[in-house]
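Please look through the model below before reading on. My notes follow as numbered points.

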Amino acid sequence: MLLAPALAIYTLFAIWPLIDVFILSFQDWNGINENREWVGLRNYYHILYNDPVFWVAFRNTVIWTIMSVIFPPVLGLFLALGLNQNLIGRAPLRAIYYLPVIIAPIAVATMWRWMYDPFFGLFTQLLTNAGLAQLIPDWLGDKDVALYSIFVAYVWQSVGFSMVLFLAGLQSVDRSLIDAARIDGANRRKIFEHVTLPALRPTITIVLVLSTISSLKAFDIVYGMTGGGPAQSTQMLALWAFTQSMEIFNYGRGSAVSVVLLTITLAIVVPYMSWSQRREEDAQ
Amino acid sequence: MKLKTTLCSSICAFLATGVTASAEGLTIWTINYTSDKQVSALTAAEAEFEKLNPGVDVEIVMRGTDEHKTALRVASGSDTGPDIYAYWAGLGLGGEYVQAGMSTDLSSYYESYGWGDRLTGPSLAFSEAFAEGKHGIPFRFSGEVVYYNKGLFEKAGIEGEPETYEDLKAAAVALKEQGIPAFTFGGTVNWHVMRLMDVILETTCGAEKHDALMAMELDWATEPCALEAFTEMKWWTDEHFLKPFMGIDNRQATTLWFGDRAAMMLEGDWHVPTIDENSDMSKYGMFAFPTGTGRLYGFAEYMYISTKSDKADLAAKFLDMFTSDEFQAAHIGAFGALSVNKNVKQGDDALELHKEWLDVFAAADGTFVNGDQAFPLDVTTEYFRVINELASGELEPQAAADAMAAFISTR
């Protein structure tokens with residue numbers, strides 16, 4: 001009974017929109033007409049077979065997700081290991097590395113867009129001053145470079161988040177086990193491999209799941225930096241769903257893209273979490 | 001005594017609040033404008049209407065272009081939204097809302113206020129184009145031409161303004177020989193580079209075929225003039241654009257143009273106040289893109305009264321004031337060289353390039369609209385993509401034409 005108000009709000013703002021998007025994916029609706037025409041699987045057929053952008057967005061989302069579960073967590077882990085030592089200025093350093101996380105992604109996008117300006121941007125100036133002007137790429141305008149340029153900005157912003165989770169995880173590593181391993185003659189690498197890393201397993205699971213989810217729904221930083229361009233080459237599934245719905249105003253196709261994205265997310269996250277939970281239970 | 005004073009103050013405050021609460025609100029949604037003069041004109045409209053109509057509270061909400069489009073679409077699915085909304089008048093934009101019944105038929109207001117007699121013919125062309133009756137009222141009619149840097153033209157030995165497309169290409173080659181890129185465009189906003197494709201299509205296809213292509217009545221893949229247009233477009237983007245351009249927007253391109261980094265820009269008459277506010281106008285000249293058809297490249301912006309508004313009379317009164325002789329004369333040049341009010345003309349103190357614009361408008365033999373106004377939104381998105389792919393060297397002209405045709409046939 002006590003849960004009822006929360007459940008009602010959750011149903012209204014989370015469950016019902018989810019159901020509505022699912023229904024919309026089988027309909028043709030432009031946001032203006034009162035009637036939504038039932039079109040069966042036509043929206044899915046269109047995005048899978050006739051849409052010249054869907055598969056580009058799909059490929060980019062896959063690349064982005066793979067990079068996102070590798071680079072920010074690995075860098076975050078190294079930063080956490082470093083900042084877990086007794087360093088001078090450890091607290092300010094932790095704050096500095098975490099700072100980008102609290103900046104709105106759209107502000108990060110604006111900032112990095114200026115740094116990437118091909119004429120006056122920071123990177124262009126640095127390379128020009130170093131005599132490497134001929135190596136300056138069109139950071140956000142070259143199809144082969146743009147996605148990775150955005151990803152660098154994303155890493156800058158998100159690495160602090162992984163770092164904080166790993167720092168929290170490192171506090172749970174039993175100090176006596178490390179001391180025991182050291183007495184047994186284990187070097188730093190062995191201690192990390194056989195004591196620290198196994199203790200961090202639950203944290204790693206959380207970081208990877210959160211990284212996967214946030215990367216699959218990557219939107220704001222791409223929207224702010226390139227809007228999916230040039231020539232839709234940095235489109236992501238989440239952004240393409242938005243573009244179809246809120247810029248082209250084809251809510252049916254936008255919803256179909258959203259449902260595909262949700263399905264992919266569930267297909268990755270649910271088995272991984274269940275496997276990881278089983279592994280933890282076995283270990284215990 | 002103190003209690004009485006407090007009580008009296010409370011009652012007065014309550015009454016004052018009551019008076020404020022009963023003020024009639026009029027909400028207008030429009031896009032952000034870049035020039036200070038344009039923003040000032042809108043602010044003045046708000047103040048003046050409130051002054052003329054005591055008790056009316058006008059709220060003008062300005063948003064970025066995409067945000068404005070999205071907000072309007074979201075509002076159209078709900079019971080809230082503006083009383084008046086500003087929108088581009090083409091089929092793919094304002095026309096869609098008219099066809100969907102989101103615009104009030106203003107025929108009775110046209111008659112009672114005499115708007116038909118007051119407003120210019122070309123600007124009114126869209127009011128009856130998409131549904132029965134009269135929808136929206138033009139507040140701005142814009143043309144787009146080539147602005148050029150006189151000094152850079154002189155440096156390249158170009159004498160006189162290009163009168164034919166071949167002249168323009170020869171000028172581009174002469175500029176290149178001096179190491180000067182002919183054009184600067186910003187690729188991130190899509191519609192900036194699109195302008196060149198639009199005028200090239202008009203050049204290679206002529207008026208009739210161009211219109212048929214934009215109406216999707218001709219096959220882009222097999223129509224030779226479409227292929228020729230893509231081939232020409234590639235020539236320009238490969239050889240005569242200030243690069244890189246795909247990673248910058250139109251404002252950055254404008255900054256580079258003011259910095260003498262390229263000779264020409266394809267911009268609208270709204271560009272004149274921008275030049276006036278940022279540079280020395282005597283440095284620049286302008287000429288209509290030599291398409292050979294004589295049609296002016298441009299579009300109209302309208303203010304529509306929403307069918308969801310219960311204040312249509314008040315909204316119409318505002319539109320009447322906004323397009324009145326007095327208001328238009330007071331803000332002449334703010335939204336472009338030409339007022340939509342035929343009784344209002346630029347004076348001798350008009351900006352030099354605005355005076356040239358009057359000749360361009362006078363000489364125009366019809367108009368053709370920007371691609372993103374002619375196409376439905378999904379085709380516009382594909383048109384952008386194809387042009388950008390071509391401009392990036394990722395797509396050959398025939399493949400670009402094929403891509404357009406394929407998209408149109410399967411949409």
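1. In chain B of this predicted model, B:E24 has B:V56 of strand β2(B) as its bridge partner. This pair belongs to the pairing of strand β1 (residues 24-31) of chain B with strand β2 (residues 56-63) of chain B, where the two strands run parallel and are joined by 8 bridges. Between the two strands, the chain passes through helix α2 (residues 36-52) of chain B, and this β-α-β crossover is right-handed.

2. Strand β1(B) has another pairing, with strand β3 (residues 84-88) of chain B. That pairing is also in the parallel sense, and it rests on 2 bridges. In it, B:W29 stands opposite B:Y85 of β3(B).

3. The domain assignment of chain B gives two discontinuous parts: domain 1 covers 23-142 + 298-362, and domain 2 covers 143-297 + 367-410. The C-alpha centres of domain 1 and domain 2 of chain B are 28 Å apart.

4. Where these domains of chain B meet, 24 residues of domain 1 are in contact with 28 residues of domain 2. On the domain 1 side, the elements that give two or more residues are α2, α4 (91-99), β7 (296-305) and α16 (352-363) of chain B. Helix α2(B), the crossover helix of point 1, is thus named again here. The largest share, 7 residues, comes from α16(B). By class, the domain 1 side divides into 11 nonpolar, 9 polar and 4 charged residues.

5. Turning to chain A, its secondary structure comes to 13 helices and 2 strands. The C-alpha atoms of chain A fill a box of roughly 75 × 65 × 35 Å along the principal axes. Of the 284 residues in chain A, 36% are buried. Among contacts in chain A with a separation of 6 or more, 67% are between residues 24 or more positions apart.

6. For chain A, an unreviewed UniProt entry lists residues 58-272 as "domain: ABC transmembrane type-1". Over residues 58-272 of chain A, the chain is 73% helix and 0% strand. The end C-alpha atoms of this stretch are 20 Å apart.

7. How many residues of chain A are in contact with chain B? The count is 25 residues of chain A, against 29 residues of chain B. The chain A side of this interface has 12 nonpolar, 9 polar and 4 charged residues.

Terms used. Residues are numbered from 1 along each chain as its sequence is written. Chains are lettered from A and ligands numbered from 1 in the order in which they are written. This is a predicted model: local features need pLDDT of at least 70, side-chain atom pairs count only at pLDDT 80 or more; totals for chains, interfaces and linings use all residues. Two residues are in contact if their C-beta atoms, placed from the backbone, lie within 7 Å. Ala, Val, Leu, Ile, Met, Phe, Trp, Tyr, Cys and Pro count as nonpolar, Asp, Glu, Lys and Arg as charged, and the others, Gly among them, as polar. Helices (H or I, at least four residues) and strands (E, at least two) are DSSP runs, numbered from the N terminus. A residue is buried if 20 or more other C-beta atoms lie within 10 Å of its own, exposed if 12 or fewer, and partly exposed in between; C-beta atoms are placed from the backbone. UniProt positions are given in the numbering used here, feature names are shortened, and annotations may be inferred rather than shown by experiment. Two strands pair if DSSP finds at least two bridges between them. A crossover is right-handed if, with the strands pointing away from the viewer, the path from the first strand over the helix to the second runs clockwise. Domain bounds come from an automatic or database domain assignment.
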